[in-house]
Structures are given as structure tokens and as C-alpha cells.
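Open the structure in your viewer and get ready to select residues. We will go stop by stop.

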Amino acid sequence: MRSTSGGPRVLLRRLRETMAEQVSAQERLDKIVVLIAANMVAEVCSTYVLRVDNTLELYATEGLNREAVHQTVLNAHEGLVGLVASEATPLNLSDAQSHPAFSFRPETGEEIYHSFLGVPILRAGNTLGVLVVQNRAKRTYVEEEVEALQTTAMVLAEMIASGELSALAQPGAEPAARHSIHKTGAILSDGIALGHVVLHEPRVVITNYIAEDLPKEIKRLDAALAKLRADLDRLLERGDVADGGEHREVLEAYRMFANDHGWSHRLHEAVATGLTAEAAVERVQSDTRARMLRSTDPYLRDRLHDLEDLGHRLMRQLVGQNHAPSREQLPDNAILIARSMGPAALLDYDRTRLRGLVLEEGTANSHVSIVARALGIAAVGEVPNAPGIADPGDAIIVDATSGSIYVRPSAEVEAAYGERVRFRARRQAQYSALRDLACVTKDGQPIDLMINAGLAIDLPHIDDTGSSGIGLFRTELQFMIGQSLPRSSDQLALYRTVLDAAGSKPVTFRTLDIGGDKALPYMETVVEENPALGWRAIRLGLDRPGLLRSQIRALLRAGGGRSLRIMFPMISEVAEFDAAKAIVERELTYLRQHGHTLPERVDVGTMVEVPALLYQLDELLKKVDFISVGSNDLFQFLYAVDRGNSKVSDRFDTLSTPILRALRHIVRKAKAANRSVSLCGEMASQPLSALALIAIGYRALSVSAVSHGPIKAMILEVDAAKAEAAILPLLDAPAGSVSIRHKLAEFAEAHGLSL
Ligand code: PEP
Ligand code: MG
């Protein structure tokens, strides 16, 4: 190491003293660059800060012209400094001026300096600025010097993030670090929430960066690493992961990283520059995160995610186990931010305080989204670097009507959203007022409006919406949120609770729709090329009847003495329905023989969601008691678009003639056969689509609980006969657009319907 003034540890100590001094922010920065330059034997040390307008402003320098401070402003991608910022990675050059990105700013006087070392100032994966040292001589900075400068940059990152520098900024050119952020993502659960940030995996706030006793820090790091490895070994030996599956692969990848010399070497190097063990973990984490954000290769991103998770585990080893905020610490109006999250983890939080959820991953069809909707929490997903956009306690607005997130919003944005929340609350109150009104159209057609459910937390919605029952109870949710297969006694208990809560209102229980994209964490997964078309739902149920049999038994026992409705998912041929119904018959016989109270009646039906069934309706309808259309899957299969793939899922319109003709075909056939028919896919939950469904003849809809109010409001206002007269002919209109959305909207507008 070429430094003459005691190396990085002495530098860190001096920096700490400087941080504690009672001086102005500018004086402190000026002192810091002088200290770094002296310590690193550099002729120049400069600090550039990233501003809200995405430019980099020179905030302090030792060596360049002082007049350039606060005058030199570079575009985010301009020059070598811009390159360091945009790549979020160090740049070490012996002859900077020959680099193609070099951009000369005469006011700085930097033409005489040849060598250049720039490092990003990083915090939680975000670039807050750039720290640079330069020398006249053409030299390459050694690895230790790069390390030392990165370590020093951490101290500056804390200073920038604290907001101390804001006082030095021109209005509109403040440091980006603490400024308002607006991001957009995908809507997972409708709603608007104003609140304060809670990080699901809180970043550990490191109060002590600088090692007092280096050998002790190395020992702490080694002990934490050893413990981490031993824990992973133990986990891998446990019976429930020993048999393979995805879970095991993840843990094995973790173990590989935990034993990776490169990772451990980088951690040790960071400690060697004078950091405490936890600060070293944060340094290495910050690099990993920045690399992850830059990477477009999904495989590499996954591996970096693994590495990041491992870093979190290591950090927890160092600072104590549990850092998730306890229930008491959860603020009112908590908005949870996480990279990804399982449904069970979300249910662990106190729902009375939870208002919103922001995820870096997660699609609308993921399980955590289903739970968020059941809890009535506004949720937005696919927000890049979500855990890094805010600090705990920051004000945040989640607008899950448009998919927007505002971190540290301006007073104007906050006021505007406050108004929107009040408006929505008034609308909600209007919907509540409709609760006890009969659900009939303006021209007196009764509509059976039910809700979809799947968890005990959904049950209060039966009453508070005034719905006529549960049109689809997705039994797989109980299986998906647990850590292990629910025992049949747990299934029985849930089904009884559901029937008790529904009272005299009907509940349609759908048997397990697992497999494909609905994987159970504890079950061996079969890797399939096309899971949606694969071994799932009733196919799995009939091939492995043990699971289906015990579920049906639990349902029949729960329905003892009352009416019960059982529905099968993904039936493709009538013979599958026959086979599934035969299991119900066998179980009834078994229960009768064993003296159990049987249900008073059992209606058995099927989902219509596989297109092949459309051409077997005559045969099918003779055998079933009812059918319910699963428009989510039916649309996915009719249009051949993966419902979970945002690149294609919006490519075609559900309100298009091919879909509506198929739906009309089903409702007509069912009516002719005198069988009840409902529709329980997402379409029914959209007022405009629900209008189309009523126009083509549907009189039973099952919707998400939050949509019950808006759909009912539309139903009370619509004249079904007029809608039919206006809309039905559009399905067969010769030319024109395939989508009739526009025409539906015109009808709704002309008839003053609330949508
Ligand atoms: C459907 O496919 O429309 C449906 C209701 O089932 P799920 O969304 O659970 O697949
Ligand atoms: Mg389906």
C-alpha cells in the first residue's frame, strides 16, 4: 500500500472524528476530501453528489480548482465520473485522458492528472454519488487502495443519506438520496394507502463502522461464517428437504456460496480496511446489490439474489437473530416493503396496522397477492430495487389503482392523495349502504352476486358485503400458505368454519387446484415445460386419489346435516367428471357405513375452463348439478396467452367477440339443460365486463370481495333487457374491431352506469 499516513484504519478513525465535529456540512466535506487525499497520497480527492435532476455535482475537492465546487455539474452518464455512477462499479485508470469516456471540464483544471480512481458512493444498492482520487503520475491504484476508497465512500453515503447536504443545494438540485421518489410497478391488490415504511427484512442500521480491535472483528466474522455454514448443513440434513425438490436446490446453492472463497475473501478484505464485521458485510452486500440491479441475465440475477439473502443471514448472525419489527413496533398505517414474500409471512403481521405492500417481485396471480386482496391491503409489485428505495419510517404512498409508489412525497402529492382516499371512503360508504338492497337490475332481473374466498380471513366479507354466498372457495389456499400438508382434521375444521360463517348461504367448495403454477412448498415439484397445461388440479387428483379422497371426506363431514356444493377444477372430458364424482359417491358410502351424519344434499359440479369442454356441454350438463365458468383459465387457453406473463397477458382483450361468443355458448347450453351456471373468474369483478356478462345472459357472478360493492352498484342501475338488446348483436356484427370494450363503455356512459 502506498499510503503513508497510517493506512485506511487511521483514515477511518480520523473520518469518525470529523463526523463528530460541530462544523458546517461544507466544512466537514472539505475536511474529508483533504483527509482522504493525504491518506491515499493522492493529489486530488473529489466528491460528486447525485442530484434529483439526475446530474452529478462537484460538492468538494482537494486538488482541483476550488471555484469549480458547486459549479461543475455532469450529466449522469457524462465522463468517467458518470461512468462510475451509471455502472455503480469502481474505475481504475492509469491514463484517464485516453479513456473514450473522458470528458474535459476546463474549470476544474484536471488536465494535468493522469491516473484516476473513482468509486460509487452506494447505499442499499443505490448510487448516491462518486468519490474520486487522482494523481499526476501514470499509475494504477492497487487493490487495497480501491478497497480503502470504497470503505471511505460508505461513510460519505451515510452523510448524504442523513440529509445533511441538502442545505448546500440549489432548489430543484437537491441530493437524490433523500428526495421524493416516484416508481411504478404492477397492481397486485387494488387500493390506496398512505403510511410509513416498514422493511420486511430491515437493513441493519450500523452504528459502528470502524473496528477498534481488528483481530476481534476477524474472529467475529469467522465465527458468524462458521455458524452460517453449520446452520445450512443442518438444514440440508433435515428430513423434509433431504428428498430433493426446489427448496433443497436453493439451500444447496446457498451452501455453495457460503463456502465460496471469493465471497469470504471479499468480506475479510473489507474488514482488513478497518471496518467492523457488520460494516464489512454491508460493504459487500452493497456491491452485490448494485451488480444485481445492473444485471439483465435472469440466471445471474437469481444467483445474486441468493448471495444477497446469504448476506442477510450473515448479518443476522452478527447482530442478533431477529430484526423483524415486533407487532408493538409496527407503526399505525404500516406499509411493508420486501423483495419477495410468501403469503404466510404477510399473515404474520398485525393486519389492523397494515395498509400497504410493495414488492420487488410478485405478480397479481401470486399467492401473496391473493392474501393481500383478502386482507384489503393496497399492493404493488415489480418495483425495481424496492427494499432500497426507502428507509424505515419514511412517508410513502401506495397507489394500487395506477401502480404508483411515492416515497417521501411532496406536500402537494400527499394532499391530493389524502383527498382521493377520502373520496374512496365516501364511495365505500355508498356501497355499504347498498348492502341490504336486493340485488336486482333496474328492470327487475335478480342477479345472484357471490364472493370468491379461500381463507378464514375472507369470511367476514360474506356479511359485510351482503353477498348471497361464496361462489368459489379456492381450497388450495389453505394448502399453499402452510409449511406442511394440512392434516385432514385441519381441513375439516376450516370447512366447518366456512359453512358456519355462511349460515344459510351456499358455499361452492372447489377441490384442490394445485400443481402447475400453484406449487406447494413442501411437495416434490415436477419440472414441467408448460405447467399451466401440465399435471395439475383434477388430473393430479385423479392420478393420486389419496389426497382428493381425504379432502372430499373432510368436505362431506363438514357438510354433515346441511347442504354442500363440491366443484372440480380443470375438467377436460366428461369421463374425468364421472371419475371424480365416483369418489364422492364412494366417500358417502364409507361415511354412511361408519355412522357419520351425511349432508342433507350434495350438489356436484365443475368449472368450465378448458376449451375442449365447450364441445361436450350436452353430455356434461346431463351429469352435473351446476357449472361455473373459470374465465381466467378459459381466456388463457382460448387465446394461448400465459395469464401470469405480463408481456402477453394484456395483448388481447377479454371483452372480445371470440371470448364473449364462447361465454354465450356456455350460458345458452346451461339454460337449455336447466342447469345453474355462474362465472367466477376475474372478469366478473370488473364492472364493464360484468355488464357484458349480464347482457349475454349470466345471472350468477362470483366476484372478489372488494369488487362486490362496485358490481352491485352497476347491477342496480342497469336495465338488463336494454343491455342485451344493445350488446348481444355486437357479438355477431360482421366487420369492426374484435374488442367491444369501447362500445360497452359507450353504453355505460349513455345509461349513466357507475363504473
Ligand atoms: C379461473 O380460472 O377463472 C378461476 C376462477 O380459477 P383460478 O383463478 O383459481 O385458476
Ligand atoms: Mg382456473
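Which residues of α1 meet which residues of α2? Keep that question in mind while you set up the view. The model is a predicted one.

**Stop 1: helices α1 and α2**

Select residues 25-39, which form helix α2. Add residues 7-20 for helix α1. Their axes come within 10 Å and cross at roughly 170°. That makes α1 roughly antiparallel to α2. Now show the side chains. On the α1 side you will find Gly7, Pro8, Leu11, Arg14, Leu15, Thr18, Met19 and Ala20. They meet Arg28, Lys31, Ile32, Leu35, Ile36 and Asn39 of α2. Colour this contact by class: eight residues are nonpolar, three are polar and three are charged.

**Stop 2: helix α1 again, now with α4**

Keep α1 and add residues 143-161, helix α4. What is the angle between α1 and α4? It is about 15°, and the axes lie 10 Å apart. The two helices are therefore roughly parallel to each other. The crossing of α1 past α4 is right-handed. From α1, the contact uses Pro8, Leu11, Leu12, Leu15 and Met19. From α4, it uses Ala148, Thr151, Thr152, Val155 and Met159. By class, that gives eight nonpolar residues, two polar ones and no charged ones.

**Stop 3: the six-stranded sheet**

Next, hide the side chains and look for strands. Six of them form an open sheet with antiparallel pairing. Trace the order: β3-β2-β1-β6-β5-β4. Where are the edges? Select 73-75 for β3 and 91-93 for β4. Each has a single partner strand, so one side of each is left without a neighbour in the sheet. From one strand to the next, the twist averages 25°.

Zoom in on β4 and strand β5, residues 115-123. Three bridges join this antiparallel pair. Pick leucine 91: its bridge partner in β5 is glycine 118. Now bring α4 back. Helix α4 packs on this sheet and touches β1 (44-50), β4, β5 and β6 (126-135). Its direction makes about 45° with that of β5.

**Stop 4: an annotated span**

Select residues 24-170. The UniProt record, an unreviewed entry, annotates this span as "domain: GAF". Which is the higher share here, helix or strand? The span is 29% helix and 27% strand. Its end C-alpha atoms lie 17 Å apart.

**Stop 5: the eight-stranded sheet**

Move along the chain to a second sheet. This open sheet has eight strands, and its pairing is mixed. Follow the order β7-β14-β13-β9-β10-β11-β12-β8. The edge strands are β7 (181-184) and β8 (186-189), each pairing on one side only. Neighbouring strands here are turned by 30° against each other on average, direction ignored.

Select β9, residues 192-199, and β13, residues 395-399. How do they run, parallel or antiparallel? They run antiparallel, joined by five bridges. Click leucine 194 and look across to isoleucine 397, its bridge partner in β13.

Two helices belong in this view. Helix α12 (residues 367-375) packs on the sheet and touches β8, β11 (354-359) and β12 (378-381). The direction of α12 makes about 55° with that of β8. Helix α13 (residues 411-434) lies across β9, β13 and β14 (404-407). Helix α13 runs at about 120° to β9.

**Stop 6: helices α18 and α19**

For the last stop, select residues 545-558 (α18) and 574-593 (α19). The axes come within 9 Å and cross at roughly 55°. That makes α18 oblique to α19. Helix α18 passes α19 in a right-handed crossing.

Which residues of α18 take part? Show Pro545, Leu548, Arg549, Ile552, Arg553, Leu556 and Arg557. In α19, they meet Ile583, Val584, Glu587, Leu588, Tyr590 and Leu591. Colour by class once more: nine residues are nonpolar, none is polar and four are charged.

Conventions
Residues numbered from 1 in each chain as written. Chains lettered and ligands numbered in written order. Predicted model: local features only at pLDDT ≥ 70, side-chain atom pairs only at ≥ 80, totals over all residues. Heavy atoms only, no water. UniProt positions renumbered as here; feature names shortened; annotations may be inferred. Helix = DSSP H or I, 4+ residues; strand = E, 2+ residues; numbered from the N terminus. Axes fitted to C-alpha atoms, helices over the stretch in contact; angles between N-to-C directions. Parallel < 35°, antiparallel > 145°, perpendicular 65-115°, else oblique. Left-handed = near helix turned anticlockwise from the far one by under 90°. Contact = heavy atoms within 4.5 Å. Nonpolar A, V, L, I, M, F, W, Y, C, P; charged D, E, K, R; others polar. Pairing = 2+ DSSP bridges.
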